[in-house]
Amino acid sequence: MTTITPQHIRAWLERSAQTFEAQKGYLSDLDSPIGDADHGTNMARGFAKAVEKLATTPDADISALLKTVSMTLMSTVGGASGPLYGTFFLRASAAVAGKAELTLVDLAALLTAGMDGIVQRGRAEPGDKTMIDALLPAVNALKASVEQGTDLITALEGCVSAAEAGMQATISLQARKGRASYLGERSIGHQDPGATSVMYLLAALRDAVKG
Ligand SMILES: Nc1ncnc2c1ncn2[C@@H]1O[C@H](COP(=O)(O)OP(=O)(O)OP(=O)(O)O)[C@@H](O)[C@H]1O
Ligand SMILES: [Mg+2]
């Protein structure tokens, strides 16, 4: 397999919705000690609605699929993560405009653009204990795979492993953005829910492309 098709992207988004529904309790539990215990319900609600919208857009291309997700997340998910993930998918959509299929290079561009959107919107820096702490190592791993000429599936495996490691590493970080930052040092010792949802999103992408 060398390219990602619109069918893969649909499968990615559907798998994401399934994962967020299955992990909604866990994600909200992670958000309980350092937030307001709503991250799981936010993600499950947003992705369920997005998949519902995608079902009525049968001929959409990759960019249009991602744009629909963006619009849906922005309008159905409140708080911090709705606008942040909404921006991720909006920038991702723009990055692949006009492309019928995606190569590994295109995928790296998609994820980089999405991440840059989150950074511009949320102003988080690496180490602030946010979704960026899973996303940045994942994007860097994918870029390294591009440089090395790795095949798509292996590159996606490396991308998810890096996201997992980044997610784990948020446990020892002190939050400097969002609700968790109000806790100061007491935010240390808890895994960041947003970094965890990033890992699930990328794992769903890997699984969708593997088929
Ligand atoms: N400025 C930011 N940049 C990047 N990620 C952020 C930022 N602020 C918060 N986050 C991420 O959002 C996650 C929390 O998402 P959640 O869906 O729980 O929204 P929320 O903070 O509860 O919003 P609200 O409390 O305003 O409703 C955090 O775990 C963190 O990863
Ligand atoms: Mg919350």
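Which residues of the largest nonpolar core touch the most other members? They are Ala138, Cys159 and Ala163, out of 64 residues in that core. The model is predicted. This briefing covers the core, the shell around ligand 1, and Ser63.

**Nonpolar core**
- Helix H9 gives the largest share of this core, 10 residues.
- Ala138 touches Cys159 and Ala163.
- Ala138 also touches Ala162, Gly166 and Leu202, with residues up to four places away in sequence not counted.
- In soluble globular proteins, nonpolar side chains tend to be buried together.

**Shell around ligand 1**
- Around ligand 1 there are 25 residues.
- Gly79, Ser81, Gly122, Gly178 and Gly194 come nearest to the ligand.
- Four helices each give two or more residues to this shell: H3 (39-55), H5 (81-95), H6 (104-122) and H9 (193-210).
- The largest share, three residues, comes from H9.
- By residue class, the shell divides into eight nonpolar, 10 polar and seven charged.

**Ser63**
- Ser63 sits in helix H4, which spans residues 62-76.
- Ser63 counts as buried because 20 other C-beta atoms lie within 10 Å, and the cut-off for buried is 20 or more.
- Beyond its neighbours within four places in sequence, Ser63 is in contact with Ser93, Val96, Ala97 and Gly98.
- Ala97 is 34 residues from Ser63 along the chain, yet their C-alpha atoms are separated by 5.2 Å.

Conventions: Residues numbered from 1 in each chain as written. Chains lettered and ligands numbered in written order. Predicted model: local features only at pLDDT ≥ 70, side-chain atom pairs only at ≥ 80, totals over all residues. Near = placed C-beta within 6 Å. Nonpolar A, V, L, I, M, F, W, Y, C, P; charged D, E, K, R; others polar. Buried ≥ 20, exposed ≤ 12 C-beta atoms within 10 Å, placed from the backbone. Contact = placed C-beta atoms within 7 Å. Core = buried A, V, L, I, M, F, W, Y, C linked by C-beta atoms within 7 Å.
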